[in-house]
Amino acid sequence: MVLVNHASWLQLLVAVNHSSLSKQGEYWKTSRRSLSSKLMKPNSVVEYLADVNAVTAEFIDRLRLLKAQRQDGASVGELTFEINKYTMEVVGRVLLNVRIGTLEQQVSPKIQEFIAAIARMFLTGHQLMAFARVHQLLRTRTWRDHVQAWDTIYSLSCELMDEQIERAFKRLQDNNVQEGEAHDVITYLASTGSLTKDEIVNNLTETFMGGVDTVANGVSFILYLLSQNHPAQTKLRNEVDTVLGTRSCTMDDLQALPYVKAVVKETMRLFPPIPINARVTQEDTVISNYHIPKDTILMLNNYTMSRDPRIFTDPDTFNPDRWLRDEVSTWHPFSAIPFGYGPRSCVGRRVAECIMHLATIQMVQNFILEKDPSYDITPLVRTQLTPGPQLPVLFLERR
């Protein structure tokens with residue numbers, strides 16, 4: 001095994017993320033360009049911020065309902081599951097322009113099956129990272145479960161999006177879409193003319209899947225870290241109270257909430273959504289005098305890199321203030337890249353960050369977060385880094 005230093009890993013990331021796309025990647029490149037031009041615009045958040053605020057407020061109401069059913073009046077049963085339902089609802093509203101219904105008191109069996117399929121897909125996907133072709137040839141139980149999970153996911157995704165896509169194409173055909181009009185994502189993708197209906201479903205389904213788990217894990221880790229760090233939580237609450245009081249956050253407000261952003265950044269540094277990433281080199285590359293041949297699979301350990309003591313003081317400590325200091329300007333820009341970098345970085349980054357920012361704001365507007373002392377998280381990787389099946393966070397009402 002060849003071990004390389006931190007600087008070498010940084011060079012490696014630059015080299016791999018700028019490698020040329022293969023011919024097979026041209027379809028991916030076209031799809032990514034269409035999604036990026038909509039989702040990665042600096043002002044794209046404005047178009048869906050009100051919807052995110054509204055769905056988040058509904059989630060806060062649901063938390064109150066659930067904790068009122070508990071004897072202690074502060075805990076929430078199956079909290080990680082409830083957070084996943086929230087992120088599914090809010091990401092679905094932004095990307096698919098639909099309300100799925102996961103925050104209803106009685107969730108339909110079909111939606112419950114959809115949620116379970118997502119969890120099963122990520123779990124089996126992680127198990128298939130090694131020897132996937134062998135699993136496929138032998139049709140192992142893991143392979144069959146993975147395929148079945150994707151069948152369930154795509155089936156309901158099509159059902160959710162079909163009507164929206166048909167409406168979008170009809171509006172375009174009837175010239176009922178005004179130039180300069182703020183379009184939902186589906187209408188925008190249909191208007192580009194670069195993707196078919198099936199391709200829109202495929203691309204939005206995959207983006208939706210990645211967004212649901214990324215945001216759910218991010219929100220979970222934010223709540224967990226704040227519940228253990230009362231000084232940080234107090235500073236966060238004071239900033240939110242000063243800028244917003246009890247009202248909803250606007251785009252202009254986000255620019256005046258640096259500590260909110262620092263909390264999210266610090267959480268993503270400690271618990272990056274994808275702890276270990278992989279890339280395949282498209283050409284021969286030399287890094288620190290090591291020759292890396294074309295078609296080499298490279299594993300990039302984001303989790304270790306973002307906790308490097310040579311970069312971050314007390315790297316295992318949750319300290320949002322580190323993002324507000326001058327030292328930030330001295331860090332290598334690849335020291336912590338939770339959403340990746342380059343052409344294959346997370347296309348839903350702005351959506352994910354917006355949801356985490358607004359969820360963090362509304363949480364401290366409504367609750368004081370406490371760590372349940374009776375148990376702790378048991379982090380596990382199922383493609384993405386998750387806090388495990390249980391989240392020891394208590395929600396105390398603000399007085």
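This report looks at a surface patch and some salt bridges in a predicted model.

## A nonpolar patch on the surface

Let's start on the outside. Five side chains, Met129, Ile276, Val280, Ile297 and Met299, come together as a nonpolar surface patch, and their accessible area adds up to about 470 Å². Two strands, β1 (276–280) and β4 (297–301), each provide at least two of the patch residues.

Isoleucine 276 is a good residue to look up, and you will find it in strand β1. Its relative accessibility is 41%, so isoleucine 276 counts as partly exposed.

## Salt bridges between distant parts

The structure holds 22 salt bridges. In one of them, glutamate 82 pairs with arginine 62, with 2.7 Å between the closest N and O atoms. This pair links helix α4 (residues 79–96), home of glutamate 82, to helix α3 (residues 45–68), home of arginine 62; the partners are 20 residues apart. Glutamate 82 is buried at 6% relative accessibility, and arginine 62 is buried at 9%.

Another salt bridge joins glutamate 397 and arginine 64, whose closest N and O atoms are 2.9 Å apart. Because glutamate 397 sits in strand β8 (residues 393–397) and arginine 64 in helix α3, the pair ties together parts 333 residues apart in sequence. Here glutamate 397 is partly exposed at 26%, and arginine 64 is partly exposed at 28%.

## A pair within one helix, and a network

Arginine 269 and glutamate 266 also form a salt bridge, with the closest N and O atoms 2.9 Å apart. Both lie in helix α12 (residues 258–270), three residues or about one turn apart, and both are buried. Elsewhere, Glu58, Glu89 and Arg99 are joined into one network by salt bridges that share partners.

Definitions and conventions: Residues are numbered from 1 along each chain as its sequence is written. This is a predicted model: local features need pLDDT of at least 70, side-chain atom pairs count only at pLDDT 80 or more; totals for chains, interfaces and linings use all residues. Side-chain values use heavy atoms; hydrogens and water are left out. Patches are made of residues with over 30% relative accessible area and no salt bridge: like charges are joined within 9 Å, nonpolar side chains (Val, Leu, Ile, Met, Phe, Trp, Tyr) within 5 Å. Accessible areas come from the Shrake-Rupley method with a 1.4 Å probe; for residues, only the protein chains shown count as cover. A salt bridge is a side-chain nitrogen of Lys or Arg within 4 Å of a carboxyl oxygen of Asp or Glu. Helices (H or I, at least four residues) and strands (E, at least two) are DSSP runs, numbered from the N terminus. Buried means under 20% relative accessible area, exposed over 50%, partly exposed in between (1.4 Å probe, protein chains only).
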